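Q: Please take a close look at one helix and what packs around it, then place it within the rest of the chain. Plain terms with their cut-offs would help.

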Amino acid sequence: MQNHSTHPLSIALAIFRLHPRGGLEDNCIRIAEELRARGHSVTVFVARDTPELTTNVVRITGIPHYFPNHRRMQLFARGLAKRIKSAGFDRTATFQTIPGFDFLFLADKIKNNVGTPWWKKLLPRFRIFAVLERAVFSPKSRTQVIGLSNEQMRPFRDLYNPDANRMRIAPPTLSRLKYRPESRNSDNKMAFRHAHGIPSDSDVWLALSLAPKTKGLDRTVEALSICQTAHLLIAGPAATDKSARKIRILAKQLKVEERVHWLGYLSGDTLLSAMAASDVLAHPARTEVTGAVILEAIINGLPVVATSHCGFAHHIIEAKAGEVIEEPISVEKYADTLRDVCRNGPKFSANGIAYGNSVILFDGVKTVCDWIEAGF
């Protein structure tokens, strides 16, 4: 769809938070910016204070920060229902699974999973998220659902059997500004390694994760204990963050803490420098709806090892830019795969950079905005 709306629309977007700027938050901000660039009036509703943006941001109040996440999401949904209904927007889109919107940009996995243990279904967290999800996917709902991968959408189709006409898969939403393969050069590589005290001939693994357990960071640290000369760069949490505590303890137990380098949150040129210094992106996620970091690594010449659970794992195979491993994971096999990919790095790197010329990798945001404008 190429034609944009011929008249300005008032559009509401809803997302629980915009900071820190992870993948979901990045998509929301870029979609808001694209819609504004097309001449529309955009208001973003949030539940938390957020850094100043060019887009109009409105906070839904009355959500105590000390409440658990599921309760806060429930209150956010209620507050939104009142504000959205009274404002008379032309289009509404949510980035959380909340009913009452024209569109849902679905970046999450199914919550009301049929395989959930019975005792978990009794917990308030499960019940609240399941109620919100059922309301969005019920036959009475008119919400148009925009998913990110077939693997992600399949459980929703199997459980809810929604009208196929209100379900679509968006192309990858990668920003073309992130295609910077020229940054992968020996000068950047050596400068970064020197700054972090890493030998020039060591294999360097990069892990990108704000959720260490989910993304399998413990698996990579265990593999590091097998590969005695490799070093691990961790971008996302800082060493002092609460989420890093278990990984730091594990690294100390395995006597690899001196080869683990905590970089904190990276973006832009600093992230590209870390990629340039690395030989492989280690991403053995236990669950991953898409894995935008996989695409970002591939197109910038960084080979990838990831699990087949990642929605974007098929891009590794199509690009011939690394290896996909299957569950259950053997740490020994995972370590061997990382070594093999590092050994064949130049071939995988060249393949990934060539794959970055694919237009479809960068069309997602514009396509989603086309759909919002047209009402599907």
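A: The helix and its surroundings

The buried residues of helix 10 are covered by, among others, helix 9, strand 11 (280-283), strand 12, helix 11 and helix 13 (345-355). Helices (H or I, at least four residues) and strands (E, at least two) are DSSP runs numbered from the N terminus. Buried means under 20% relative accessible area, exposed over 50%, and partly exposed in between, with a 1.4 Å probe and protein chains only. Contact, which decides what counts as cover, means heavy atoms within 4.5 Å.

This is a predicted model, in which local features need pLDDT of at least 70 and side-chain atom pairs count only at pLDDT 80 or more, while totals for chains, interfaces and linings use all residues. Residues are numbered from 1 along each chain as its sequence is written, and side-chain values use heavy atoms, with hydrogens and water left out.

Of the 8 residues of helix 10, 6 are buried, so the helix is largely enclosed by the rest of the structure. The buried ones are Ile 294, Leu 295, Glu 296, Ala 297, Ile 298 and Ile 299. Just past the end of helix 10, Gly 301 has a positive phi of about 85°.

Ile 298 also appears in the largest nonpolar core, which has 34 residues; Leu 206, Ile 298 and Val 304 have the most contacts inside it. Such a core is a set of buried Ala, Val, Leu, Ile, Met, Phe, Trp, Tyr and Cys residues joined through side-chain atoms within 4.5 Å. At least two residues of this core come from each of strand 8 (204-208), strand 9 (231-235), helix 9 (268-277), helix 10 (292-299), strand 12 (304-307) and helix 11 (313-319). Helix 10 is the top contributor, with 5 residues. A second core lies apart from this one and has 27 residues, including Ile 11, Ile 29, Ile 146 and Leu 148.

Leu 206 shows what the packing in the largest core involves. Leaving out residues up to four places away in sequence, Leu 206 touches Leu 233, Ala 235, Ala 274, Met 275, Ser 278, Val 280, Leu 281, Ala 282 and Leu 302.

The chain as a whole gives the setting. It has 14 helices and 13 strands. Its radius of gyration is 21 Å, close to the 21 Å from the globule rule for 376 residues, so the chain is as compact as a globular protein of that length. That radius is taken over C-alpha atoms, and the rule is 2.2 Å times the number of residues to the power 0.38. Along the principal axes, the C-alpha atoms fill a box of roughly 60 × 50 × 40 Å. Buried residues make up 52% of the 376. Of the contacts between residues at least 6 apart in sequence, 67% join residues at least 24 apart.

The chain exposes about 18100 Å², with 51% supplied by carbon and sulfur atoms. This area comes from the Shrake-Rupley method with a 1.4 Å probe; for residues, only the protein chains shown count as cover. There are 50 positive and 36 negative side chains, and the centres of the two sets are 8 Å apart. Lys and Arg count as positive and Asp and Glu as negative, with His and the chain ends not counted; a charge is placed at NZ of Lys, CZ of Arg, CG of Asp or CD of Glu.

A few backbone details lie elsewhere in the chain. Most residues other than glycine have a negative phi, and most peptide bonds are trans. Asn 161 is not a glycine but has a positive phi of about 45°; this residue sits in the loop between helix 5 (150-160) and strand 7 (167-169) and is exposed, at 65% relative accessible area. Phe 376, also not a glycine, has a positive phi of about 75°. Phe 376 belongs to the segment after helix 14 (364-374) and is buried, at 18%. The peptide bond between Glu 327 and Pro 328 is cis, with omega about -5°, and Pro 328 is in the loop between strand 13 (322-325) and helix 12 (331-343).
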